[in-house]
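Thank you all for coming; I would like to take a few minutes to walk through one model with you. Please have a look at it before I begin.

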Amino acid sequence: METLSENRCFGGVQGVYKHASSVTNCDMTFGLFLPEEAQLGPVPILWYLSGLTCTHENAMTKAGAQQWAAEQGIALCFPDTSPRGDDVADDEAYDLGKGAGFYVNATQDPWAKHFQMWDYVAEELPTLLTRNFDIDGDRQSITGHSMGGHGALTMAMSLPGRFRSVSAFSPICNPTGADWGRKQLGAYLGDNEEAWKAHDASLLMADKGFDGPVLIDTGTADNFLDLLRPETLANAAAARRQQIQFRMQPGYDHSYFFVSTFMEDHVAFHAEALYA
């Protein structure tokens, strides 16, 4: 593992690291914030999964999360959204290929060789972190924005016992029923729509739910609302009587101005679960 940068940040350290991934078959880069408490022993971790077109850097520099994580003594991990490299398959459209991994394990060519983002985020990267940093692997929570909100919700519901809490900012809630989802799931997983269901938060909510607290924030002025389909997740949670805070925030859009506005709420929400 190569250290690309380390900067003092709110009493802790914001680092950026690169490593060779055996899962994605390429080099991967991630950001990791460690609070001051990590000097004394392992700390809990909050995973932040970013959205379409993003790298590890977007949330790391725009979300303002480190300040609130430092107050709570929580580590933050910012993985990349897809594999990278000259030999990694890509597409001319912004919503497929590099920057658009959708947190699935691709089974179709030309994506399958590198686009194994589920295993990377759920298995390889957590193992790497707990081996090399003072991270308490028994205390994990997860959040994300847009495509990353989709990933956070699907991983939380599909990996019972892994995460103590889950939240999302303007998540893609029903990818099997919207253009942000059907295109990508078809490309990565093939035409069998049964295989897509494991990556649809609304369907998973109806089928499994989450054994813990859930927080969702979406802006009423989000210009992608028809693609996000928040009502599908809200209805599934209500039918299941899932423990959930579902908030439509008046006037907010899809940007990091929205994310940073409510980041303190989300970090505090996860801290309550991580330190319970």
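What percentage of the 276 residues in the protein do buried residues make up? Buried residues make up 59% of them, and I should say at once that we are looking at a predicted model.

Let me turn to the overall form. The protein contains nine helices and nine strands, and its C-alpha trace spans about 50 × 45 × 35 Å along the principal axes. For 276 residues, a compact globule would have a radius of gyration near 19 Å, and the protein, with 17 Å, agrees with that. If we consider the contacts with a separation of 6 or more, 73% of them are accounted for by residues 24 or more positions apart.

Now to the surface and the charges. The accessible surface comes to about 11,100 Å², and carbon and sulfur atoms hold 46% of that area. There are 18 positive and 36 negative side chains in the protein, with the centres of the two sets lying 4 Å apart.

Finally, the cysteines. The structure holds zero disulfides, and for cysteine 9 we can say why: the closest cysteine sulfur, in cysteine 77, is 15 Å from its own sulfur, which is too far for a bond. Cysteine 173 is likewise in no disulfide, the nearest cysteine sulfur, that of cysteine 54, being 17 Å away. As for their surroundings, cysteine 9 is buried, with a relative accessible area of 15%, while cysteine 173 counts as buried at 0% relative accessibility.

Terms used. Residues numbered from 1 in each chain as written. Predicted model: local features only at pLDDT ≥ 70, side-chain atom pairs only at ≥ 80, totals over all residues. Heavy atoms only, no water. Helix = DSSP H or I, 4+ residues; strand = E, 2+ residues; numbered from the N terminus. Rg over C-alpha atoms; globule rule 2.2 N^0.38 Å. Buried < 20%, exposed > 50% of the residue type's maximum accessible area, 1.4 Å probe, protein only. Contact = heavy atoms within 4.5 Å. Areas by Shrake-Rupley, 256 points an atom, 1.4 Å probe, with all protein chains shown as cover. Lys, Arg positive; Asp, Glu negative; His and termini not counted. Charge placed at Lys NZ, Arg CZ, Asp CG, Glu CD. Disulfide = S-S within 2.5 Å.
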